[in-house]
Amino acid sequence: MAEQKPVPPVEDDLTGHNYDGIQEYDNPTPSWWHVIFLLTIIFAVLYTFMMHFSPLTRTPHQRLAAVQSRMLERQFGELRTMELGEEMVAAIVVNEPWIAMGAAIFEERCVLCHAQGGRGMAGLGPNLTNDVYKNVTSVNDIIAILKDGIGVAMPSQRANLNDTEMALVTAFVVSLRGTNHPDGIGPEGVEIPPFFGND
Amino acid sequence: MSEPNRPDAARPAVPPDPATPVSRPGLEAFRYDDAIVRMFAWATVIWGIVAFLVGLIIAVQLAFPAANLGLPWTSFGRLRPLHTNAAIFAFAGNAIFAAVYYSTQRLCKARMWSDRLSRLHFWGWQAIIVSAALTLPFGITQGKEYAELEWPIDIAIAVVWVGFFGVNFLMTLIKRRERHMYVALWFYIATIVTVAMLHVFNNLWIPVGVVHFARTGEVPSIDLIMKSYPVYAGVQDALMQWWYGHNAVAFFLTTPFLGLMYYFLPKAAERPVFSYKLSIIHFWSLVFIYIWAGPHHLHYTALPQWASTLGMVFSIMLWMPSWGGMINGLLTLRGAWHKVASDPVLKFFVVGITFYGMATFEGPMLSVKLVNQLSHYTDWTIAHVHSAALGWNGFLTFGMLYWMMPRLFQTELYSKKLATAHFWIATVGIALYVLSIYAAGVTQGLMWRAFDATGRLQYPSFIETVVVLLPMYWIRVLGGTLYLIGALIGLYNFIQTWRNRPEKYEDVVHYAAPLKPVDESAEPKAKGDIFQANWHRKWERLPVFFTVATLIAVGIGSVISQVPLFVIKSNIPTIATVTPYSPLELAGRDIYIAEGCYNCHSQMIRPLYAETVRYGEYSKPGEFIYDRPFQWGSRRIGPDLAREGVTNPNAFWHWQHFENPTMITPGSIMPPYPWLLTQEVRFNEIQSRVDAMAMMGAPYGELIIGDNAVRHARAQARRVAKEIESQGGPPASDIERSKAVALIAYLQRLGTDLYRDEPLRFTVPPEEGEEDPSDADD
């Protein structure tokens with residue numbers, strides 16, 4: 001430490017190193033640096049233990065399953081006990097919040113081809129707002145198409161929608177009938193009788 | 001600590017002509033090679049401006065899609081990799097080399113070991129950059145972020161980096177005349193060995209063109225010559241890629257710039273470095289811990305949970321090691337803050353180091369799984385990256401250039417005022433950029449997960465979450481413009497400085513004694529306290545040992561975080577119905593990669609409720625075992641496509657969407673892809689793609705015999721084309737050879753294997769007019 005060097009304005013000890021004129025102080029590492037570093041290491045150990053070796057911690061997939069069943073309950077409640085079919089759809093059609101849910105599903109899954117409000121897109125999906133239908137004569141036909149798809153354009157929705165969601169979106173499609181969207185594309189198919197007899 | 005051999009002390013009085021060597025007893029005369037530094041410095045400035053300009057263009061494209069110009073080579077998906085590669089490898093890369101070549105010579109009291117290697121390094125690297133610019137816009141890409149450059153360029157990078165740069169650097173260390181290696185050199189060592197390791201292991205591939213040549217004896221198209229498939233698939237490829245991607249940030253954009261800081265900051269501030277002990281502990285903790293943190297880019301993906309946790313906890317432990325550099329930087333300025341007010345160099349350094357501190361706090365924060373749930377796939381990541389790249393890398397580079405250019409040109413800086421103007425304009429530019437893009441990221445992240453009172457998605461249409469961002473995208477354009485203007489002012493200033501250079505550069509001769517063998521017994525004894533650092537002092541005398549020690553430090557984390565995924569089968573449970581892509585789908589997938597679709601679309605549905613509602617069942621590890629490369633993406637500028645084949649298999653929809661996305665989705669910022677509708681697939685080369693995949697274990701059965709794969713592809717193309725025709729599209733015979741049809745076949749397949757009762761079986765169609773299983777027209 002017997003180096004000759006200019007005295008710096010800060011009164012810390014120098015190490016005596018000199019590299020191309022660069023010197024280094026012999027200062028200790030700040031204590032808060034050590035403390036936080038140690039805390040992050042402790043956190044890392046505890047977190048790893050909690051996530052992987054504690055029986056109380058659920059995996060992301062278990063948490064997802066819990067949220068899914070909770071959300072199903074919240075959204076559909078009593079509907080969950082009903083069986084997918086005309087009767088269930090009839091119960092939904094008269095229920096405003098459920099129709100809104102059907103509309104939301106429609107927007108998630110159907111507007112790609114049937115467009116906003118079900119007005120249809122040429123070649124992709126027919127207009128759903130008039131009284132003319134291509135492959136449908138009854139509510140059950142709509143359900144069957146949702147389940148299995150039809151032709152090359154309409155894919156099966158089994159992987160996308162559960163039974164309740166199919167009933168909800170079917171009810172929404174039923175409710176679209178006769179709204180005659182002003183921008184609807186031309187009719188495809190034949191006119192069919194009302195879905196629910198005296199509708 | 002006594003220094004038995006201090007050449008400084010022995011430096012004689014200035015000789016009459018410093019450029020003429022004179023004989024001095026016990027001392028060697030040498031000159032520094034500043035010409036090579038000048039070359040790298042100019043390359044830094046010029047490539048920087050190119051990188052900023054391309055960045056600005058793609059920023060405009062997001063706000064104003066017509067700026068894609070309807071041309072293949074100017075579309076966002078192809079230009080974005082050009083921007084990232086230019087910013088990282090051209091701008092930051094040349095800045096690193098300028099810094100290394102300037103400081104290493106002075107810190108070692110030695111000229112670079114070989115002038116020839118220096119030149120080969122410079123021209124080799126510039127050739128690599130040019131080859132990037134000649135391949136990426138033409139869709140020649142590996143499809144892995146920041147590792148886009150295809151296999152011949154990969155080889156060139158390895159040769160230039162290790163063979164020219166690495167050898168030249170290490171030999172300079174060995175031939176040095178300064179007994180101990182300064183901290184800047186430690187960081188350069190870490191950079192060189194780790195980048196070499198990352199680059200080699202992430203770029204192991206089978207070149208498809210070679211397979212084609214071996215099979216047919218014919219020279220394939222340039223696209224196929226340049227095409228390769230990685231030896232890793234799916235989850236393994238993802239882990240390898242983000243081990244690489246994350247540590248490219250660590251060892252290309254952090255460690256060399258810390259080395260740069262440790263040399264140029266004390267030089268500019270004319271102050272000693274705050275703490276030698278901190279240098280030691282933060283260097284070793286940084287290089288040891290950084291390498292583990294890669295999996296934090298893959299939280300909630302199909303990556304096994306243990307790897308994800310490892311990535312998170314090591315990122316958190318990385319916080320203080322990273323901040324060690326910031327502390328040492330900022331506290332070095334104690335007693336020099338008055339200079340910051342007047343010196344633009346120090347202004348750039350102070351703001352750069354501050355951005356480093358912010359980014360290295362934000363990084364660990366983003367690696368926390370719960371934070372990552374919100375931030376991942378959004379612009380938050382983009383904002384984080386740019387606060388680091390523009391703030392830390394950019395400002396450190398410009399600070400260094402403003403300090404170095406007058407010294408390189410042996411004159412005064414042309415204008416300090418212009419340098420200060422550059423600083424302020426660029427600072428405002430960064431602020432506008434990152435603030436608007438943070439806002440965009442958080443906004444979109446929250447919109448994606450918002451539910452209404454009935455429990456349905458509040459914004460079920462993806463496009464709703466895009467159009468709200470446009471004002472923020474315009475603010476980013478403004479910020480980027482300011483940053484570019486700053487750089488142009490810098491360029492002008494450097495040119496004017498260069499014009500004031502002397503007629504002939506003075507090539508000063510320096511004198512230093514050669515190193516004698518170290519008498520270890522004369523060195524101070526270690527006192528048993530690791531913070532006394534005497535053990536480390538010894539390491540600083542041993543460059544080869546130091547290099548090996550660094551390699552071990554980065555190797556431990558690499559092995560422990562990577563190897564289990566490759567050797568423990570249960571990490572990737574197989575799914576019985578998952579089969580390889582059909583030949584046409586494989587060709588379509590390669591088009592997906594070439595167009596850079598992964599730059600905007602992810603293929604990874606996380607097990608989060610909002611995602612399963614929006615995109616479908618979450619992605620399983622076993623679904624990706626034939627994905628070479630994986631295409632999980634990192635940013636959803638458009639929606640996820642992992643289950644596109646389930647949610648939207650409508651061929652005509654995709655056909656029209658490629659033709660004009662806004663016709664299908666009003667407000668869409670996706671550019672049109674009209675060339676896909678007209679350009680044709682090279683069917684005769686599909687067999688080689690299939691064969692290359694089969695070589696790596698994909699079970700293609702009899703499709704690898706003869707040209708069965710080609711026949712299979714033609715039959716499937718005809719089916720897809722007929723689907724399009726039946727829905728009102730163009731006649732099938734006109735479009736069955738188009739790239740769009742192949743790409744649509746790939747999209748129709750995505751995510752569907754999970755829902756099959758039986759795995760797909762590839763059967764070879766009969767010669768012509770094969771049985772057509774397509775349903776009757778509806």
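**Aromatic contacts in chain B**

B:Trp123 is exposed, with a relative accessibility of 55%. I start with that residue and work outward; keep in mind that this is a predicted model.

The ring partner of B:Trp123 is B:Phe122, and the pair is edge-to-face. The centres are 4.8 Å apart, with 90 degrees between the planes. B:Phe122, in contrast, is buried, because its relative accessibility is 6% and the cut-off for buried is under 20%.

Both residues belong to a cluster linked by ring pairs. Other members include B:Phe40, B:Phe89, B:Tyr101, B:Trp125, B:Trp161, B:Tyr188 and B:Phe252. For scale, the search over all chains of the structure returns 71 aromatic pairs.

Another of the pairs is B:Trp42 with B:Phe409. Why is this pair tilted? The planes stand at 35 degrees, and tilted covers what is neither under 30 nor over 60, so the pair gets that label. The ring centres are 5.7 Å apart. In sequence, the two residues are 367 apart, and the pair links distant parts of the chain. B:Trp42 is in helix 2 of chain B, residues 34–63. B:Phe409 is in the loop between helix 17 (379–408) and helix 18 (416–448) of chain B. B:Phe409 has a relative accessible area of 1%, so this residue counts as buried.

Last, charges over rings. The charged end of B:Arg501 is placed over the ring of B:Trp498, at 4.1 Å from the centre. B:Arg24 lies over the face of B:Tyr511, and here the distance to the ring centre is 4.7 Å.

That is the list for today.

Terms used
Residues numbered from 1 in each chain as written. Chains lettered and ligands numbered in written order. Predicted model: local features only at pLDDT ≥ 70, side-chain atom pairs only at ≥ 80, totals over all residues. Heavy atoms only, no water. Phe/Tyr/Trp six-rings, centres within 6.5 Å; stacked < 30°, edge-to-face > 60°. Helix = DSSP H or I, 4+ residues; strand = E, 2+ residues; numbered from the N terminus. Buried < 20%, exposed > 50% of the residue type's maximum accessible area, 1.4 Å probe, protein only. Lys NZ or Arg CZ within 6 Å of the ring centre and 35° of its normal.
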